[in-house]
Amino acid sequence: MIVLYGIKNCDTIKKARRWLDDHGKTYRFHDYRVDGLDESLLRSFVNALGWETLLNTRGTTWRKLDDAQKSAVKDADSAIILMLEMPAMIKRPLLCAPGKPMLLGFNDSGYQTWFDEV
């Protein structure tokens, strides 16, 4: 089963969901805020993609952190702690299928290529 991870009210999630629906793709949406996020799942994302890739340092949630909070993020463990506390810090959307590479972010051609290969 294909799973799309993210936060429901995110504009990019809405675009990704619209693309999936328009292309007749069957998937399950996992909302971090509604469905939760545990450390083992997040750690699997970090292991596959790297914490630097997964941590959204360009978003408003990151910009609202004080300098001490930002400087405390030095490695995977400290990034995981922050992302578990504030799931909005995770770049999105994240598309996953068992045994296939994860796809982070959204654009039409990237999704089409991913599905052609998956």
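Tutor: A residue counts as buried under 20% relative accessible area, as exposed over 50%, and as partly exposed in between. The structure above is a predicted model.

Student: Is Arg-17 buried, exposed or partly exposed?

Tutor: Arg-17 is found in helix α1. A residue between the 20% and 50% limits belongs to the middle class. Arg-17 has a relative accessibility of 28%, so the class is partly exposed.

Student: Over the face of which residue does Arg-17 lie?

Tutor: Leaving aside residues up to four places away in sequence, Arg-17 touches Leu-4, Lys-8, Tyr-27 and Phe-29. One of these, Phe-29, is 12 residues from Arg-17 in sequence, and the two C-alpha atoms are 8.4 Å apart. Arg-17 is placed at 4.2 Å from the ring centre, and the ring belongs to Phe-29.

Student: In what order do the strands of the open sheet stand?

Tutor: The sheet has 4 strands, and their pairing is mixed. Strands β2 and β4 (103–104) each pair on one side only, so they are the edge strands by the pairing found here. The order is β2-β1-β3-β4.

Student: In which sense do β1 and β2 pair, parallel or antiparallel?

Tutor: Strand β2 covers residues 28–31, and 4 bridges join β1 to β2. One bridge sets Gly-6 against Asp-31 in β2. The sense of the pairing is parallel.

Student: What is the handedness of the crossover from β1 to β2?

Tutor: Leaving β1, the chain passes through helix α1 (residues 11–22) before reaching β2. This is a β-α-β crossover, and its hand is right-handed.

Student: In which sense do β1 and β3 pair?

Tutor: Strand β3 takes in residues 94–96. Tyr-5 has Leu-94 as its bridge partner in β3, while Leu-4 stands opposite Leu-95. Over 3 bridges, the sense is antiparallel.

Student: Which residues of β1 point the other way from Val-3 and Tyr-5?

Tutor: Val-3 and Tyr-5 share one direction from β1, and both are buried. The residues that point the other way are buried too, and they are Leu-4 and Gly-6.

Student: How many aromatic pairs does the count give?

Tutor: Two rings pair if their centres lie within 6.5 Å. Ring pairs also link residues into a cluster of Trp-19, Phe-106, Tyr-111, Trp-114 and Phe-115. The count comes to 6 aromatic pairs.

Student: Why is the pair of Tyr-5 and Phe-45 given its class, and what is that class?

Tutor: Planes over 60 degrees apart count as edge-to-face. The ring centres of Tyr-5 and Phe-45 are 5.0 Å apart and the planes lie at 65°, so the class is edge-to-face.

Student: How many residues apart in sequence are the parts that Tyr-5 and Phe-45 tie together?

Tutor: Both Tyr-5 and Phe-45 are buried. Tyr-5 belongs to strand β1 (residues 3–6) and Phe-45 to helix α3 (residues 39–49), so the separation of these parts is 40 residues.

Student: Which residue forms a salt bridge with Glu-39?

Tutor: Glu-39 is partly exposed, at 41% relative accessible area. Its partner stands 4 residues away in helix α3, which means about one helical turn between them. The closest N and O atoms are 2.8 Å apart, and the partner is Arg-43.

Student: Which residues form one salt-bridge network?

Tutor: The count comes to 2 salt bridges. In addition to its bridge with Glu-39, Arg-43 forms one with Asp-77, where the closest N and O atoms are 3.0 Å apart. That pair links distant parts of the chain, 34 residues apart, with Arg-43 in helix α3 and Asp-77 in helix α7 (residues 76–85). Shared partners join the bridges into one network of Glu-39, Arg-43 and Asp-77.

Student: What is the relative accessible area of Asp-77?

Tutor: Arg-43, at 27%, counts as partly exposed. Asp-77 is also partly exposed, and its relative accessible area is 43%.

Notes. Residues are numbered from 1 along each chain as its sequence is written. This is a predicted model: local features need pLDDT of at least 70, side-chain atom pairs count only at pLDDT 80 or more; totals for chains, interfaces and linings use all residues. Side-chain values use heavy atoms; hydrogens and water are left out. Rings of Phe, Tyr and Trp (its six-membered ring) pair if their centres lie within 6.5 Å; planes under 30 degrees apart count as stacked, over 60 as edge-to-face and the rest as tilted. Helices (H or I, at least four residues) and strands (E, at least two) are DSSP runs, numbered from the N terminus. Buried means under 20% relative accessible area, exposed over 50%, partly exposed in between (1.4 Å probe, protein chains only). A charge sits over a ring if NZ of Lys or CZ of Arg is within 6 Å of the ring centre and within 35 degrees of the ring normal. A salt bridge is a side-chain nitrogen of Lys or Arg within 4 Å of a carboxyl oxygen of Asp or Glu. Two strands pair if DSSP finds at least two bridges between them. A crossover is right-handed if, with the strands pointing away from the viewer, the path from the first strand over the helix to the second runs clockwise. Contact means heavy atoms within 4.5 Å.
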